[in-house]
Amino acid sequence: MQTLKVDLGERSYPIYIGEGLLDQPELLAPHIAGRQVAIVSNETVAPLYLERLSKTLGAYSVLPVVLPDGEAHKNWETLQLIFDALLTARHDRRTTVVALGGGVIGDMAGFAAACYQRGVDFIQVPTTLLSQVDSSVGGKTGINHPLGKNMVGAFYQPNAVLIDTTSLKTLPERELSAGLAEVIKYGLICDKPFLAWLEDNMQALRALDSAALTEAIRRSCAAKAAVVGADERESGVRATLNLGHTFGHAIETHMGYGVWLHGEAVAAGTVMALEMSMRLGWIDQPARDRGIRLLQDAGLPVVPPQEMTPAHFMEHMAVDKKVLDGRLRLVLLRQLGEAVVTDDYSTEILQATLAADYRAIVAQL
Ligand SMILES: NC(=O)c1ccc[n+]([C@@H]2O[C@H](COP(=O)([O-])OP(=O)(O)OC[C@H]3O[C@@H](n4cnc5c(N)ncnc54)[C@H](O)[C@@H]3O)[C@@H](O)[C@H]2O)c1
Ligand SMILES: O=C(O)C(=O)C[C@@H](O)[C@H](O)[C@H](O)COP(=O)(O)O
Ligand SMILES: [Zn+2]
C-alpha cells in the first residue's frame, strides 16, 4: 500500500492506494468518529462491493443508501434520497458518510455530507479510474443543473480517500478510457515526463496491468494533491485542472447528461484546447498531434459532436465557472506540461477553434 497526503492544515487527509484495501477495517477506523456509517452507492456498484465494505465496517451501524446509476441522476431529486435515508434512520451529527462508487456518487455523497445537519464526516471510496485519479481528491462536491455542470455544490474535503485498485477489474472498458482522459490531463498541464510514460504504458493500462495502473493512480493523485494543497478553492492554479472542461462541460450539457461520459467530453474538449493553444502560437502542430494521438490511443473520442455549432458552445460556455466579469477564462497550454488560465485571446481565435474541422485534423495524424 502507498499513502499520499493532501496537505490542507487541519483539514489534511491521507489517500491510501493499494490492492484489497476494501477489506481492511484498520484503514477506515481512525477516520470514523461515531457509531453510525451511511454507505452511499448505486444500483450498479452496490451488488459488486457494498456487502464487502459493510462487512469491513462491521463494528458500526451501517446504513446502505443505494441510488439510481448515472450522470442523469446527479441532481436534487437523487440528493434528496440521501437526506431521506439519513433522517429516516435517525443519523446524528457524528455519522460518517462513505461514498462507494464513481465520481457521480462521490460528488453527490460529498455534497450531502457537507449539507446534512450543516456538515458531517465524509470518506471517499472511489471505484472508477476517473474517481480514483481525480474526483475523490480535492473536495469539489455537487450536482448538475439543466443549464450547467456542477453548478450547485460546495468545497468539502473528505477525512480520507481509500483506493482499492482491484475494483477496476469490474469496470467497463469505456469507463476505463474515460478515466484515462483525466490521467492524460495531468501530463499535459504539469508533468511532461508523465506524457512519455503514458505513451509507453497505454496498452498496459488498458489491459489492466496492476503495476501500471497503480503508478498512474499514484502519480495522478500526487499531482492533484499538490495543486489542491496550493489552491484549495480555485483562486489560481487549481483552475488548470479544468483543461478541456470548458469545452467538455458544454458537450455534456448540450448532449444531455450521460450521453457523452465526463471523461469523453473532456477528451474532445482537450483536443479543442490543444487546437486553440496551437492557433495562438503557443504549441506547434507536432505537440498538438502528440496530445491528440495519446487521447486516441486511450480509446477516447477526439472529435467534438458534429451537431454542436460554435453558437451552441458559446451559449453553454457563457455559464462556465471561470467566467469573471463576463469574460471567459480558458485553460490552455503554453507548452506540453505547462497550462495557463487566460482571457488573453481574441474572439476570432476562439471562433476559429470552435469552427475547426476536427475530423480533418484527426485524419492527417
Ligand atoms: N469532484 C471532482 O473533483 C470531480 C473530478 C472529475 C469528475 N467529477 C465528476 O465525476 C463524474 C464522473 O465520474 P465517473 O467517471 O466515475 O462516472 P460514474 O460515477 O458515473 O461511474 C461510471 C460508471 O461506472 C459504474 N461503476 C463504478 N465503479 C464500478 C466498478 N468498480 N465496476 C463496475 N462498474 C462501476 C458506475 O455505476 C457508472 O455506471 C462526473 O459527474 C464529473 O463531473 C468530479
Ligand atoms: O478538482 C478540480 O478542481 C477539477 O477541476 C477537476 C475536474 O476534473 C472535475 O471535472 C471538476 O469537477 C470540474 O470542476 P468545475 O468546478 O469545473 O465544475
Ligand atoms: Zn473532470
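An oxygen atom of ligand 2 sits 2.6 Å from an N or O atom in the side chain of Lys321. That is a good place to start looking around this structure, which is a predicted model. Let's stay with ligand 2 for a moment, then move on to the zinc ion, ligand 1 and a few single residues.

**Ligand 2 and its shell**

Lys321 has company. A polar side-chain atom of Lys224 lies 2.6 Å from an oxygen atom of ligand 2, and an N or O atom in the side chain of His245 is 2.9 Å from an oxygen atom of this ligand. How much of ligand 2 does the protein cover? On its own, ligand 2 has 430 Å² of accessible area, and the protein covers 92% of that. Helix 6 and helix 9 are the elements that give two or more residues to its shell.

Altogether, 14 residues surround ligand 2, with Asp134, Lys140, Lys224, Arg238 and Lys321 the closest. Sort the shell by class and you get eight charged residues, five polar ones and one nonpolar one.

**The zinc ion**

Keep an eye on His245, since it turns up here too. Which residues hold the zinc ion (ligand 3)? They are Glu182, through OE, and His245 and His262, each through NE2, at 2.0 to 2.1 Å. Along the chain, these donors follow the spacing E-x62-H-x16-H. The two histidines come from distant parts of the chain: His245 is in helix 9 (residues 245-255), while His262 is in helix 10 (residues 262-279), 17 residues apart. Are these histidines buried or exposed? Both His245 and His262 are buried.

**Ligand 1 and its shell**

Now for ligand 1. Here 28 residues surround the ligand, and the closest are Asp69, Thr127, Thr128, Lys149 and Thr170. By class, ten residues of this shell are charged, eleven are polar and seven are nonpolar. Several elements each supply at least two residues to the shell: helix 2 (46-56), helix 4 (103-115), helix 5 (129-135), strand 8 (148-155) and helix 6 (173-190). Helix 6 may ring a bell, as it was also named for the shell around ligand 2.

The table lists some side-chain distances to ligand 1.

| Residue | Atom of ligand 1 | Distance |
|---|---|---|
| Asp69 | oxygen | 2.7 Å |
| Asp107 | nitrogen | 2.9 Å |
| Thr170 | nitrogen | 2.7 Å |

Taken alone, ligand 1 exposes 870 Å², and the protein buries 92% of that.

**A stretch with an annotation**

An unreviewed UniProt entry marks residues 65-177 as "domain: 3-dehydroquinate synthase N-terminal". In the model, that span is 34% helix and 30% strand, and its end C-alpha atoms lie 28 Å apart.

**A few residues to click on**

Try Lys74, in the loop between strand 4 (61-67) and helix 3 (76-88). Why does Lys74 count as buried? The cut-off for buried is under 20% relative accessible area, and Lys74 is counted as buried because its value is 4%. The side chain of Lys74 also makes a polar contact of 2.7 Å with the side chain of Asn150.

Gly106 is in helix 4, and with a relative accessible area of 2% this glycine is buried as well. From Gly106 to Arg290 you travel 184 residues along the chain, and their C-alpha atoms are separated by 32 Å.

Arg279 is found in helix 10. Its relative accessibility is 37%, so Arg279 counts as partly exposed. Measuring from C-alpha to C-alpha, Arg279 and Val133 are 30 Å apart in space, and they are 146 residues apart in sequence.

Finally, what about backbone angles? Leu208 is not a glycine, yet its phi is positive, near 65 degrees. Leu208 lies in the loop between helix 7 (192-206) and helix 8 (210-230), and it counts as partly exposed because its relative accessibility is 32%. Asp325 also has a positive phi without being a glycine, at about 50 degrees. You'll find Asp325 in the loop between strand 10 (323-324) and strand 11 (327-328). Is Asp325 buried or exposed? Asp325 is exposed, with a relative accessible area of 84%.

Note on methods:
Residues are numbered from 1 along each chain as its sequence is written. Chains are lettered from A and ligands numbered from 1 in the order in which they are written. This is a predicted model: local features need pLDDT of at least 70, side-chain atom pairs count only at pLDDT 80 or more; totals for chains, interfaces and linings use all residues. Side-chain values use heavy atoms; hydrogens and water are left out. A residue is near a molecule or strand if one of its heavy atoms lies within 4 Å of it. A polar contact is a pair of N or O atoms within 3.5 Å; within protein, one must be able to donate a hydrogen and the other to accept it, and residues adjacent in sequence count only if both atoms are side-chain atoms. Accessible areas come from the Shrake-Rupley method with a 1.4 Å probe; for residues, only the protein chains shown count as cover. Helices (H or I, at least four residues) and strands (E, at least two) are DSSP runs, numbered from the N terminus. Ala, Val, Leu, Ile, Met, Phe, Trp, Tyr, Cys and Pro count as nonpolar, Asp, Glu, Lys and Arg as charged, and the others, Gly among them, as polar. Donors are N, O and S atoms within 2.8 Å of the metal (3.2 Å for Na, K and Ca); water is not among the atoms, so sites may look incomplete. Buried means under 20% relative accessible area, exposed over 50%, partly exposed in between (1.4 Å probe, protein chains only). UniProt positions are given in the numbering used here, feature names are shortened, and annotations may be inferred rather than shown by experiment.
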